[in-house]
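Subject: Structure handover: ligand site, cavities and a pocket

Hello,

Here is the structure for you to take over. Please open it alongside this note.

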Amino acid sequence: MHFTEKILVLDFGSQYTQLIARRVREQKVYSEILPYNVSLERIKEFAPKGIILSGGPSSVYDKKAPLPDKGIFELGIPVLGICYGMQLMAYMLGGKVAKAAKREYGRAELTIDDNSDLLKKMGARGIVWMSHGDKIVRQPKGFTPIAHTGNSPIAAMANKDRKFYALQFHPEVAHTENGTKVLKNFVFNICKCKPEWTMQSFIGTTTKEIREKVGRDKVVCAISGGVDSAVTAVLIHKAIGKQLTCIFVDNGVLRKGEADKVESTLKKHFHMNIVCVDASKRFLKKLKGVTDPEKKRKIIGNEFIHVFEEEAKKIKGAKYLAQGTLYPDVIESTSFKGPSATIKSHHNVGGLLKDMKLRLIEPLRELFKDEVRVLGRELGMADEIISRHPFPGPGLAIRIIEEVTQERAEILRKADAIVLEEIKKAGLYHDIWQAFAVLLPIKTVGVMGDERTYENVVAVRAVKSVDGMTADWAKIPYEVLGIISNRIINEVKGINRVVFDISSKPPSTIEWE
Ligand code: XMP
């Protein structure tokens, strides 16, 4: 990325590290996260205008405490330490850190003693968010305290000559009043960055980079119907037009109208080369008799790769494979915490197409999910695609409890479409993280007209969430639930009862399988 206005965040394992980078980028300044132990050469090569040391769960006196290269303090650029980052600065620059008598978690009242630079425009007092067990008992030489709380006499400190600053609280979290102002002061007033990171500039640089990299070669891209792969395709298409071919695989467990929607958007609206493969029979055959959810996932993942590979081989001269890898995936695989469980594994087909020797292009690998949405809008994509609910790779197969058959997939597709239609009609779609129907393997008795029925049950699941990690069930109005239930029972043959799932995650999960 050819930007000169950059802030580097060194990651010491805080759950808020990504948030720091996002908050900086919200100020239109590019920010990247690197593991704490990255080499000084790499940092120099990145050439940031300032460095932020994140928080982290360690104590500086732990035997295995993560320490950065000491050279970062000799680069002549501003450094801001947050929480563990602060203790680290104190420890490495000759101050004293000790266990706090009282651990401080949650809100605290901050009194500002010096509001001349980092804490400018913060007022005299403010509520801040703390989470630490250690505290600074003596600041290093050259530093002065600039704020305190009842429990921390040095809640913020500065060495103005060297432009080193440190905060015991987290300015990046929403609970800290004026936290954004603190980060803005650091980025603009102290590091002297200019706000140049916009989606338009991103599109400009990235399309140029793609053109240079690809030359006259061809690129293939797997389209899943999700936001990331669609935005990837549109961006690459903008760069190289017909040199890109998208491959969309219908695995038989997609939502109603999904294949048509993808085709019409990419083909009719953006005039892309797109190959749509109806492989539903193949997938359903492989899924025959399978009830174990993990087996379903594996079968669908593997079969996807086979189908994709077959189709990609037909595209003569294809040298590159485009993927919608996002920044959080990149950080997870490079961060010192080690790779955490990745749920989207089957879309990462790159490594598996070994004999094709396709090289990877991942133009979104520097973006967060919300930035991908902004990018999609800038590229002229319809909101209908940009703000869609997430849909799992294994699709309806993990929402058909027990064996997947074509008939069951058909029943669930219809019920699911009704749930989404009514949620949209009621104006609830954008407040909900995911809403869908689940086909249960139990039959219950009903009565339709004068006849007794004995048919299946559909569960409606709707959750609110920010990242899918935790979720609460969405309080959908009874009237809307009533309409959904009525319509499903009347319109979907094979269903005579609808129930609503009122479990939160944890201890439940969002999907039923
Ligand atoms: P759970 O059910 O674990 O779901 O609470 C959390 C989020 O992950 C999605 N999910 C998947 N996505 N492949 C995917 O691509 C999968 O196998 C998979 N399983 C769950 C789920 O839809 C929710 O957004």
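Below is what was found, starting with the domains and the ligand. Please bear in mind that this is a predicted model.

**Domains**

The chain splits into three parts: domain 1 (6-190), domain 2 (199-386) and domain 3 (399-500). Between the C-alpha centres of domain 1 and domain 3 the distance is 48 Å.

**Ligand site**

Start with the shell. It holds 13 residues around the ligand. Closest are Arg297, Gln434, Lys505, Ile510 and Glu511. Domain 2 (199-386) and domain 3 (399-500) each contribute at least three residues to this shell. By class, the shell has five nonpolar, four polar and four charged residues.

Which atoms of Arg297, Gly393 and Lys505 should you look at? For Arg297, take the side chain: one of its polar atoms is 2.6 Å from a ligand oxygen. For Lys505, it is again the side chain, with an N or O atom 2.7 Å from an oxygen atom of the ligand. For Gly393, look at the backbone, where a polar atom lies 2.9 Å from a ligand oxygen. Then there is burial. The ligand taken alone exposes 500 Å², and the protein buries 86% of that.

**Cavities**

How many cavities of 30 Å³ or more are there? The count is two.

The largest cavity encloses about 80 Å³. Its lining is made up of Ile223, Gly225, Gly226, Ala230, Lys261, Val262, Thr265, Leu266, Ile385 and Arg388. Which helix gives the most to this lining? It is α7 (residues 258-269), with four residues. By class, the lining of the largest cavity has five nonpolar, three polar and two charged residues.

The second largest cavity has a volume of about 40 Å³. Arg255, His389, Pro390, Arg399, Asp416, Leu420, Gln434, Ala435 and Phe436 form its lining. Two elements, α13 (406-425) and β15 (434-448), each give at least two residues to that lining. The largest share comes from β15, with three residues. The classes here are four nonpolar, two polar and three charged.

Note Gln434. This residue is listed among the closest to the ligand, and Gln434 also lines the second largest cavity. Keep both regions on screen when you inspect that residue.

**Second largest pocket**

One open site is also worth a look. The second largest pocket holds about 320 Å³ of space. Its lining counts 20 residues. Nearest the pocket centre are Gly56, Pro57, Ser58, Ser131 and His132.

Three elements, α3 (84-92), β5 (96-112) and β6 (125-138), each supply at least two residues of the pocket lining. Which of the elements gives the most to the lining? That is β6, with four residues. By class, the lining of this pocket has 12 polar, five nonpolar and three charged residues.

**Where to look**

For a quick tour, begin at the ligand with Arg297, Lys505 and Gly393. Next, go to α7 for the largest cavity. Then go to β15 for the second largest cavity. Finish at β6 for the second largest pocket.

Over to you.

Best wishes

Terms used. Residues numbered from 1 in each chain as written. Predicted model: local features only at pLDDT ≥ 70, side-chain atom pairs only at ≥ 80, totals over all residues. Heavy atoms only, no water. Near = heavy atom within 4 Å. Polar contact = N/O pair within 3.5 Å; in protein donor to acceptor, adjacent residues only side chain to side chain. Areas by Shrake-Rupley, 256 points an atom, 1.4 Å probe, with all protein chains shown as cover. Nonpolar A, V, L, I, M, F, W, Y, C, P; charged D, E, K, R; others polar. Domains from an automatic or database assignment. 1 Å grid on protein atoms, 1.4 Å probe; cavity = no way out; pocket = protein on both sides within 12 Å on 5 of 7 lines; lining within 4 Å. Points joined across faces, edges and corners; volume = space filled by probe spheres on them.
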